[in-house]
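Welcome! Here is a short briefing to help you find your way around a structure you have not met before. Take a look at the sequence and the model, then read on.

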There are 2 protein chains.
Amino acid sequence: MDTSEKQPVRAKRADARRNEKTLLDAAAATFVASGVDAPVREIAAKAGVGMGTIYRHFPTRADIIVAVYRHQVDACADAGPALLADSTSPHTALARWLDMFVDFLVTKHGLAAALRNDQTGFETLHAYFVERLVPVCAELLDAAIAAGEIRADIGAYELMRGIGNLCIFADQDPHYDARRLTGLLVTGLLLARTA
Amino acid sequence: MDTSEKQPVRAKRADARRNEKTLLDAAAATFVASGVDAPVREIAAKAGVGMGTIYRHFPTRADIIVAVYRHQVDACADAGPALLADSTSPHTALARWLDMFVDFLVTKHGLAAALRNDQTGFETLHAYFVERLVPVCAELLDAAIAAGEIRADIGAYELMRGIGNLCIFADQDPHYDARRLTGLLVTGLLLARTA
DNA sequence: GACTATACGGAGCGCTGTTCCGTTTGGCAA
DNA sequence: TTGCCAAACGGAACAGCGCTCCGTATAGTC
C-alpha cells in the first residue's frame, strides 16, 4: 500500500478546495429549499459555478448527496451501540434507533425516494447507506434475537429497506405518519405480547 | 341529472373508438415490457399513433394507467367483502386482502412509485385508488377492531399508504420481499399474541 | 359529392442530466 | 519576477423526457 491518502504528486489547488466547500454548502441549502431532487443547475447556480465544475467534483448526483449527509449517516451509525447499552432491552434499542433513522430520512425531502431509485445511478448512495447502517441494524437485531424478544426470520437489510420505503414521500402527506407505521412494523417483530 | 352517459350530441367517431382500444392495448403491453414509467412516446409508437392522439384520449399519464388497471382495481375492491365472509377471522381476511393488494402492486413494475408521485400530476391516479380501495380496507379494519383483534389507532388510508410504500421498487431487488414486510406490519396490528 | 365537426400527426417548447472543450488560473521553477 | 503548464473552470451543446399546438385528413351527414 502506498501510504494513506493525499499527496500522490501534487496537492489539490486552492480554488478547487474552495469550490468544493462552496458546492457542499450550496447543495445543502438547495436540498433544504427544494428537496434532494433539486436540479443540478440550481445547485451550480446557487454556488456560482459552472456545470463542469460541479460534475468534476461530484461525478454523480449521489456523490453530492453522500457528501452532504455523510456525517449525519455516521452519527446515526454511531448511535446504535450507544442505544444498545442504554436501553432496557435490545428491542427497545432497535425501536429507538429505527426512529432516529426515520427522522433522518423524513426530514430530508425526497432522500428516501432517491435512495431507492437505483436505476439512475444512485447505486453509490445506496451502497454507502447500506454499508454504513446495515451492520449497525444487524447488531441490534441479533441482540434482540439472542434475547429471545423477536422472531429470527428477517434480515437487517430487508428491514431497513422496508423502513426506508415507509419514509418515501412521507413529508408530502399530512395524513401519513411514517413513525407510526414503522412502530407497527417493529411491533410485528415481537414474538409475543400481553397487552 | 341529464340521463346516464353518452349521446350528448353525436357519438364518438369510429376511428376514435378504434384508436382508444389500440392505445389501451399498446399501453398495457408497454407497461409489462418497460414498466409503468415507460415514455409516452413509446406507447404512441407501439400503437402507431401520434403524440397528439394519445394526449387527446388520455390527457395525463395517470389516465392511461387508471384505464389499463381499472378492472383489476375493481376486482381487488370486490374481493374485500368476499374474504370477510369466507375467512375465519376479520384479521385473517384483512391479511389476505392486503396480500392481494401487494401482489397487484408488485407485479406492475413501478406502479407503486407512480402512485406516490403526486407532484407530477398523478393525483388522479392516487384519487381513483384511494376512492376505490380505502373504503374496502376500512370495512375490513373496522370488522377486526369490532372483533377486538387489533388496535384501533390506525386509519385505513394510512395503512394502505404504508403498504403501498412497502411495494415501491419491490420488483427490482431480489433481497427484498414486500409480502414479508407487509406481513410484519399486519402482525403489528394485533393486540396480543401467544406464540 | 360537398361540407364540417372531429380526430389525427408530429414538429416544437421547456425542462431535465450529462458531456465536451476552449479558456482561465494557481503554483512552481528559473 | 516572470513564464509555463497541469489543473480547474464555465457554459454551450446534446440527448431524452412530458406536453402543447396547429395544419392536415377524414368520418359522418345532408
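A good place to start is a single pair of residues that links the two chains: B:R180 forms a salt bridge with A:E158, and their closest N and O atoms are 2.9 Å apart. Please keep in mind that this is a predicted model. From that pair we can step back to the contact between the chains, then to how the copies are related, and lastly to the build of chain A and its domains.

**Where chain A meets chain B**

- How many salt bridges are counted between chain A and chain B? The count is four.
- Polar contacts add to the picture, with 15 residue pairs counted between chain A and chain B, both residues of a pair being at pLDDT 80 or more.
- Four elements of chain A each give two or more residues to the side that touches chain B: the helices α6 (111–116), α8 (156–166) and α9 (178–189), and the strand β1 (192–194).
- Of these, α9(A) makes the largest contribution to that side, with seven residues.
- Sorted by class, the side of chain A that touches chain B holds 17 nonpolar, eight polar and nine charged residues.
- In total, 34 residues of chain A are in contact with 34 residues of chain B.
- Together the two chains bury about 3000 Å² between them, and carbon and sulfur atoms carry 52% of that area.

**How the two copies are related**

- Chain A is superposed on chain B by a rotation of 180° with 0.0 Å of shift along its axis, at an RMSD of 0.0 Å.
- The two copies are therefore related as by a two-fold rotation axis.
- Which residue of chain A has its C-alpha nearest the axis? That residue is A:G188, whose C-alpha lies 1.8 Å from the axis.
- Both copies use the same surface, as 100% of the contact residues of chain A recur in chain B.

**The build of chain A**

- Chain A has nine helices and one strand.
- Following the sequence, the pattern is α-α-α-α-α-α-α-α-α-β.
- The C-alpha trace of chain A spans about 60 × 50 × 30 Å along its principal axes.

**Two domains within chain A**

- The domain assignment splits chain A into domain 1 (10–59) and domain 2 (61–189).
- The contact between them involves 15 residues from domain 1 of chain A and twelve residues from domain 2 of chain A.
- Taken over C-alpha atoms, the centres of the two domains of chain A are 27 Å apart.
- About 1100 Å² is buried between domain 1 and domain 2 of chain A, with 70% of it from carbon and sulfur atoms.
- Which three residues supply the most of the area that domain 1 of chain A buries against domain 2 of chain A? They are A:F31, A:V36 and A:F58, which supply 50% of it.
- Between domain 1 and domain 2 of chain A, zero salt bridges are counted, while three residue pairs are in polar contact, both at pLDDT 80 or more.
- On the side of domain 1 of chain A that touches domain 2, α1 (14–34) and α2 (40–47) each supply at least two residues, and the largest share, five residues, comes from α1(A).
- By class, that side of domain 1 of chain A has 13 nonpolar residues, one polar residue and one charged residue.

Conventions: Residues numbered from 1 in each chain as written. Chains lettered and ligands numbered in written order. Predicted model: local features only at pLDDT ≥ 70, side-chain atom pairs only at ≥ 80, totals over all residues. Heavy atoms only, no water. Domains from an automatic or database assignment. Contact = heavy atoms within 4.5 Å. Buried area = accessible area lost by both parts, 1.4 Å probe. Salt bridge = Lys/Arg side-chain N within 4 Å of Asp/Glu carboxyl O. Polar contact = N/O pair within 3.5 Å; in protein donor to acceptor, adjacent residues only side chain to side chain. Nonpolar A, V, L, I, M, F, W, Y, C, P; charged D, E, K, R; others polar. Least-squares fit on C-alpha atoms with pLDDT ≥ 70 in both.
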